[in-house]
Amino acid sequence: MKQQTARRHKLAYADMQFITASVSTTLVLLLLGLVTLSVLGARNLSVYVKENISFTIVPDGSMKESDILRLQQQLKTKPYVKQAVYISKEDALREQTEALGANPEDFLQYNPFSASIEVNLNASYANADSLDMIERDIRQHNNIEDVVYRKELIDAVNENVRAISLSLLVLAGLLTCISFVLINNTVRLTVYSKRFLIHTMKLVGAGWGFIRRPFLRRNFWVGLMSAAVADGLLLGGAYWLVTREPGLIRVLTPEVMLAVASVVLVAGVAITCLCALFSVNRYLHMDADTLYHI
């Protein structure tokens, strides 16, 4: 009798409940993966934006080109500098001529532009406090006429990044809770349909671990397959976006995609197995009368 009940208890992996549970779980994990991707991608995007905010060092007219180049090399050794580019007077004139569509030297009879050094900061130094320190450090050099940067732009970028990051973290936490609830409901419906079988197995003397095992195994495969499909869709979508817009590789890096795929995989397996465990335990603690009234 016990063996017959055990055979009936084996859960098919191609039945409609399995397919429905897999599809539902895949959709939830896909949404969870998109939010995780947004959180991690937003961090890379903020780094990219901050490192593309530059400031300009303007030497005075008496500073020789060799001294400016020496200052450029010194700046490259600073921990706060990501990139330092020397722009000669001729380069500045060429850039402005292309931008204006006319050569200012033609009607001024001289080159009105000065040589300068364009500096891009490492992202961790792109804030108001660090910029004040950096400006003081640069002005210690002789023959520095001015240090030009847009403080209000940097403040605005930092405020927006902080607000967006906080919003995404709250959304990620909320969605994680919602994902657990949705997947839990799907798993509970599957276990609910087997509640009398669970009770029958208890009556014939099956151990609780023996009863739980097929439910946990089944939901492990639901979680694993759903996570694999969700990861495939996310990775495929990211690849398509990068091929369409190669610049996105700075945001959708391999490290970010690996982290997203790992989160989806762990969440899929962990949530489905935990929900199955809780649901089976619930019916294991119920008596026959209670089963007929739920």
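Me: Two strands count as paired if DSSP finds at least two bridges between them. On that basis, how many bridges join E2 to E3?

Reply: In this predicted model, E2 and E3 are joined by 6 bridges and run antiparallel. One pair in that ladder is Tyr86 with its bridge partner Ile117 in E3.

Me: What is the strand order of the sheet?

Reply: The order is E2-E3-E1-E4, in an open sheet of 4 strands with antiparallel pairing. From one strand to the next, the twist averages 20°.

Me: Which strands stand at the edges?

Reply: Strand E2 (81-87) and strand E4 (144-148) do. Each has a single partner strand, so one side of each lacks a neighbour in the sheet.

Me: And how many bridges does E1 form with E3?

Reply: Strand E1 (residues 54-59) pairs with strand E3 (residues 116-121) over 4 bridges, in the antiparallel sense. Within this part of the sheet, Thr56 stands opposite Glu118 in E3.

Me: Which helix packs on the sheet, and which strands does it touch?

Reply: Helix H6 (residues 128-139) packs there, touching E1, E3 and E4. The direction of H6 makes about 165° with that of E4.

Me: Why is E3 described as largely enclosed?

Reply: The description rests on burial: 5 of the 6 residues of E3 are buried, so the strand is largely enclosed by the rest of the structure.

Me: Let us turn to Pro59. Where is it found, and is it buried or exposed?

Reply: Pro59 belongs to strand E1. Its relative accessibility is 4%, so it counts as buried, the cut-off being under 20%.

Me: Which residues is Pro59 in contact with, sequence neighbours aside?

Reply: Beyond its neighbours within four places in sequence, Pro59 contacts Ile68, Ala115, Ser116, Asn143, Ile144 and Glu145. For Ser116, which is 57 residues away along the chain, the C-alpha separation from Pro59 is 6.4 Å.

Me: New topic, the helices. At what angle do H7 and H10 pack?

Reply: Helix H7 (residues 151-192) and helix H10 (residues 254-284) pack at about 45°, and their axes are 9 Å apart. The two helices are therefore oblique to each other. Their crossing is right-handed.

Me: Which residues meet there?

Reply: From H7 the contact takes in Phe180, Ile183, Asn184, Val187, Arg188, Val191 and Tyr192. H10 brings Ile271, Thr272, Cys275, Ala276, Phe278, Ser279, Val280, Arg282 and Tyr283. Sorted by class, the contact of H7 with H10 has 11 nonpolar, 3 polar and 2 charged residues.

Me: Arg282 is on that list. Is it buried, exposed or partly exposed?

Reply: Arg282, which lies in helix H10, has 36% relative accessibility and so counts as partly exposed.

Me: What separates Arg282 from Leu235?

Reply: Their C-alpha atoms are separated by 37 Å, and the two residues are 47 residues apart along the chain.

Me: How do the axes of H2 and H7 cross?

Reply: The axes of helix H2 (residues 16-51) and H7 cross at roughly 170° and come within 10 Å. H2 is therefore roughly antiparallel to H7, as angles over 145 degrees are classed that way.

Me: And what classes of residue make up that contact?

Reply: The contact of H2 with H7 comprises 18 nonpolar, 10 polar and 1 charged.

Terms used: Residues are numbered from 1 along each chain as its sequence is written. This is a predicted model: local features need pLDDT of at least 70, side-chain atom pairs count only at pLDDT 80 or more; totals for chains, interfaces and linings use all residues. Side-chain values use heavy atoms; hydrogens and water are left out. Axes are lines fitted to C-alpha atoms, for helices over the stretch in contact, and angles run from 0 to 180 degrees between N-to-C directions. Angles under 35 degrees count as roughly parallel, over 145 as roughly antiparallel, 65 to 115 as roughly perpendicular and the rest as oblique. A crossing is left-handed if the near helix is turned anticlockwise from the far one by less than a right angle, and right-handed if clockwise. Contact means heavy atoms within 4.5 Å. Ala, Val, Leu, Ile, Met, Phe, Trp, Tyr, Cys and Pro count as nonpolar, Asp, Glu, Lys and Arg as charged, and the others, Gly among them, as polar. Buried means under 20% relative accessible area, exposed over 50%, partly exposed in between (1.4 Å probe, protein chains only).
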